[in-house]
Amino acid sequence: MRLLIVEDDPVLSDGLTVGLGLSGFNADAVGTLADARAALAGGGFAGVVLDIMLPDGSGLELLAELRRAGERLPVLLLTARDRVRDRVAGLDAGADDYLGKPFDLDELAARLRAMLRRQEGRAAAVIEWNGLRLDPATQAGRIGGRELRFSRREFTILHALAEHPGRILSKTQLEERLYGWQEDVESNTVEVHIHHLRAKLGRAFIETVRGAGYRLAAAGKGQRT
C-alpha cells in the first residue's frame, strides 16, 4: 500500500513515514505542491495524505486538479484547519476523509485502511482467499488453524497478491509496493520473500507465471496440507 505524504513540516513528515511504515504502508514524502505534482505524475500510489497549508499554495488546489482530471485516487486531508466548515469544505472538494491535527497515528492508519478498502470495493477489513485470512491491521494471517506471522515486506507482497487473487503482478509492480523512490531496489528481494511466503503457506499457494510475474493459486488449489 504505497502512499504519498504531502506535508511541509519535516519532523511530522519523517514521523508519518516511519510510523505508517510500521503499519504496513510504504510512504514517500514531499513538502510542496510542485513536488507532489511531479510525484503523482509518476503514478504507483494507492492514496495520498495531504496537508492543506503548504509553502506554495493550498492542498485543496491539488485536490481540485485531481478531481477535475477525473482522478479517483483516494485522498485524506490531514491538517490543523479542523473547524466544521473546514472539514465540510474539504470533503465537498473531493477528499475521501479528513483528520485534524493533532492526531493519533493508529487512528490515521485505520482511516487509511478503511479508505483504501472502499476504493477496492471491499467492506470487510480481513481479506480471505483459499483458506487464508489476512488482517492488514495486525499484518498477520491464519490458515488451516495456524497463526502466521510475516515480516513487513512479506506481508506487503502477500497483501498485494490477495487484493486481486487472479491478477498477475510483475516483479516490477511488487517492487513498487516494497520500495519508496529514495530506496535502492535489491535485485532478488521479491524472489526471496516469495520463497519465505511459500515456506509458510505451501509451495503451490503462490504461482510463478513465467515471463509475467506472480499470482495466488486458484481457489481449492495450493493449500498446505
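The following paragraphs describe the strand pairing, helix packing and nonpolar cores of a predicted model.

Five strands form an open sheet in the order 2-1-3-6-7, and their pairing is parallel. Strand 2 (26-30) and strand 7 (97-100) are the edge strands, each of them pairing on one side only. From one strand to the next, the twist averages 20°. Within this sheet, strand 1 (residues 2-6) is joined to strand 2 in the parallel sense over five bridges, with Ile 5 standing opposite Ala 29 in strand 2. Strand 1 also pairs with strand 3 (residues 47-50), again in the parallel sense and over four bridges, and here Val 6 stands opposite Leu 50 of strand 3. Although strand 2 is an edge strand, four of its five residues are buried, so strand 2 is largely enclosed by the rest of the structure.

The connection between the strands at this side of the sheet involves helix 1 (residues 10-22), which together with strand 1 and strand 2 makes a right-handed β-α-β unit. Helix 1 packs against helix 5 at an angle of about 65°, the two axes being 10 Å apart, and the crossing of helix 1 and helix 5 is right-handed. The contact is made by Leu 16, Gly 19 and Leu 20 on the side of helix 1, and by Leu 105, Leu 108, Ala 109 and Leu 112 on the side of helix 5. Helix 5 (residues 105-120) in turn lies across strand 1, strand 3, strand 6 and strand 7, and runs at about 160° to strand 6. Helix 3 (residues 59-68) likewise packs on the sheet, where it touches strand 3 and strand 6 (75-79), and the direction of helix 3 makes about 170° with that of strand 6.

Further along the chain, strand 10 (residues 140-143) and strand 11 (residues 146-149) run antiparallel and are joined by four bridges. Ala 140 stands opposite Arg 149 of strand 11 in this pairing. The two strands form a hairpin with two residues between them, and in the turn Gly 144 has a positive phi of about 55°.

The largest nonpolar core comprises 24 residues, of which Leu 132, Leu 134, Leu 158, Leu 161, Leu 201 and Ile 206 touch the most other members. Two or more residues of this core are given by each of strand 9 (132-135), helix 6 (152-163), helix 7 (171-178), helix 8 and strand 13 (213-216). The largest share, six residues, comes from helix 6. When residues up to four places away in sequence are not counted, Leu 158 touches Leu 132, Leu 134, Phe 150, Leu 197, Leu 201 and Leu 216. Apart from this core lies another, of 20 residues, which includes Ala 36, Leu 66, Val 75 and Ala 95.

Helix 8, one of the elements that give residues to the largest core, spans residues 189-201 and includes Thr 189. With a relative accessible area of 6%, Thr 189 falls under the 20% cut-off and is therefore classed as buried. Leaving aside neighbours within four places in sequence, Thr 189 is in contact with Leu 178 and Tyr 179.

Note on methods:
Residues are numbered from 1 along each chain as its sequence is written. This is a predicted model: local features need pLDDT of at least 70, side-chain atom pairs count only at pLDDT 80 or more; totals for chains, interfaces and linings use all residues. Side-chain values use heavy atoms; hydrogens and water are left out. Buried means under 20% relative accessible area, exposed over 50%, partly exposed in between (1.4 Å probe, protein chains only). Contact means heavy atoms within 4.5 Å. Two strands pair if DSSP finds at least two bridges between them. Axes are lines fitted to C-alpha atoms, for helices over the stretch in contact, and angles run from 0 to 180 degrees between N-to-C directions. A nonpolar core is a set of buried Ala, Val, Leu, Ile, Met, Phe, Trp, Tyr and Cys residues joined through side-chain atoms within 4.5 Å. A crossover is right-handed if, with the strands pointing away from the viewer, the path from the first strand over the helix to the second runs clockwise. A crossing is left-handed if the near helix is turned anticlockwise from the far one by less than a right angle, and right-handed if clockwise.
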